Amino acid sequence: MGLMMIFVPYLFQYCLVKRSTIQNDYKRECLSRKIKEWVQVIRKQGFVDGAQVFKIVLDCLDVAIKRDTAIGTLCGNVQNITEKKETKMEKVNEKKKQEMCPTISPLLKGPISILINPELDYNAKETNTSKPPLQNWPPTLEEVAVHYKDLELGGSYAGPRDCVCRSSVAVIVPFRDREMHLRFFLYYIHQLLQRQQLCYVIIVAEQVDSKSFNKGQLMNSAFVYANRSTNFDCFIFHGVDVVAQDDRIPYACSSDHVYHIAPYIDKYNYKWDGNLTVGGAVAFTKEQFTVVNGFSNEYVGWGGEDDDMKVRINSTKNAISRLKENYIRFKMFKHNSDKGNPKNPHRKDRLRVAHDRMKEDGLNSLNTSSVDVIKYMTHTRLKLKTFMPKYVLEVLNRP
Ligand code: UDP
Ligand code: MN
């Protein structure tokens, strides 16, 4: 024990020096927090356990210098160890935590005003050009992390300190090349989910290849990933460009219905036009998503996959539900059509046979490869390479 105590300040110094050579802001932030945690663990545990942590710290830092994307994974390993050691401490606090959180969270405040740069805002007044542009907005991912102190690495939240959360939610965001939207999205979503007293993780499923965007494959892959480690009871598939304008909008699942969370969007004057089937944000229980075999993998480019999902849902005993309260309001960020996401000319053909295909096209035919998993403080980033389904290859090869 005594020996370890002498080591601690040196270890700390060593870590800080190594830390400064890491270029990426989020990784530096992640490492800073981890270093503090490790030192605390070493202090608490004494020499024997401390030695194990010490070795991992050094490995982590060495690998981090060589290949800094590995840092998320390694920090994750350390987190497992620290979590195990801390369970004794948690037992002491268990009594306090045993009570379930109330059905309506006392932390809710109602409307959320979304601060948004005019060039991204469908509601901005064209005439008002006199306003100076917003400075330092939206916050960077590092700034978002600093704002939410209770997050764990990977953008997960273990619920409030004083009660047990009623639901464990995986929020899945398909993503490519929308950094600006992601910064807004993360800044607002953590606030909403924490006010609702949920346990949750944010998983950003990023397509890293340059093929046409394949939202279905990304969402399916994130669903599979989420189920590997944690028992989530609710999966919310969420566009990166929509943000809730009221914290009373339930981010929850119902075993009776697939729940379309975001039917009313400012871009469409908050009127649901029936074309928006499950887009924006939609919540499935694990069972509901499994029964429909997930999304189709076969829609490449813009359009079709959401309508296809509607066909899938309608062919099961579940229906889609929407709330009608007038506080169900979402803001959508202005965007042009994305370079890598041209309108899919085959979407209508595919949709005609959606029902026949659902049994063999979806979760059970998923062949996407995961290139990397990076755990930022604000979210878990899955880096994915999509695959070309047989049907798509056939269409491409047609004379
Ligand atoms: N998306 C993305 N990059 C792209 C295309 C789509 O990140 O190049 C994601 C993003 O989360 C977006 C969602 O897919 O919210 C739906 O795509 P898009 O916004 O083009 O569809 P819309 O619903 O606006 O027609
Ligand atoms: Mn959009």
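A disulfide is counted here wherever two cysteine sulfur atoms lie within 2.5 Å of each other, and the model on your screen is a predicted one. By that criterion Cys234 and Cys253 are joined by a disulfide, with an S to S distance of 2.2 Å.

**The whole chain**

Before zooming in, colour the protein chain by secondary structure, which should bring up twelve helices and eleven strands. Of the 399 residues in the protein chain, 51% are buried. If you display a surface, the protein chain exposes about 20200 Å², of which carbon and sulfur atoms supply 53%. Among the contacts with a separation of 6 or more, 80% are between residues 24 or more positions apart.

**The disulfides**

Now select the cysteines and show their side chains; a search of the whole structure finds three disulfides. Counting the bonded cysteines along the chain, these disulfides follow the pattern 1-2, 3-4, 5-6.

Start with Cys101 and Cys163, whose sulfur atoms are joined at 2.1 Å. This pair links distant parts of the chain, since Cys101 sits in the loop between α4 (71–97) and α5 (141–147) while Cys163 sits in the loop between β1 (156–157) and β2 (168–175), 62 residues apart. Looking along the S-S bond, you will find a torsion of 90°, and the link of Cys101 and Cys163 is right-handed. Cys101 is buried, with a relative accessible area of 1%, and Cys163 is buried as well, at 7%.

Move next to Cys165 and Cys199, a disulfide with an S to S distance of 1.8 Å. Because Cys165 lies in the loop between β1 and β2 and Cys199 in strand β3 (residues 199–207), the pair ties together parts that are 34 residues apart in sequence. The link of Cys165 and Cys199 is left-handed, with -80° about the S-S bond, and both Cys165 and Cys199 are buried.

Return then to Cys234 and Cys253, where the torsion about the S-S bond is about 80°, so the disulfide is right-handed. Cys234 lies in strand β4 (residues 234–238) and Cys253 in the loop between β5 (242–244) and β6 (257–260), so this pair ties together parts that are 19 residues apart in sequence. Is Cys253 buried or partly exposed? With a relative accessible area of 26%, Cys253 is partly exposed, whereas Cys234 is buried at 0%.

**Helix α7**

Select residues 215–229, which form helix α7, and measure between the end C-alpha atoms: they are 23 Å apart, which agrees with the 21 Å that its 15 residues should span at 1.5 Å a residue. Within α7, the buried residues are Gly216, Gln217, Leu218, Met219, Asn220, Ser221, Ala222, Phe223, Tyr225 and Ala226. What do the buried residues of α7 pack against? Their partners are β2, β3, β4, α8 (286–291), β10 (369–375) and β11 (380–385).

**Strands β3, β10 and β11**

From there, keep β11 selected and add β3, which runs parallel to β11 and is joined to it by five bridges. To find one position in register, label Ala205, which stands opposite Leu382 in β11.

Finally, add β10, which runs antiparallel to β11 and is joined to it by six bridges. A hairpin of four residues connects β10 to β11, and if you label Lys375 you will find that its bridge partner in β11 is Thr380.

How values were computed
Residues are numbered from 1 along each chain as its sequence is written. Chains are lettered from A and ligands numbered from 1 in the order in which they are written. This is a predicted model: local features need pLDDT of at least 70, side-chain atom pairs count only at pLDDT 80 or more; totals for chains, interfaces and linings use all residues. Side-chain values use heavy atoms; hydrogens and water are left out. Helices (H or I, at least four residues) and strands (E, at least two) are DSSP runs, numbered from the N terminus. Buried means under 20% relative accessible area, exposed over 50%, partly exposed in between (1.4 Å probe, protein chains only). The expected span of a helix is 1.5 Å times one less than its number of residues. Contact means heavy atoms within 4.5 Å. Accessible areas come from the Shrake-Rupley method with a 1.4 Å probe; for residues, only the protein chains shown count as cover. Two strands pair if DSSP finds at least two bridges between them.
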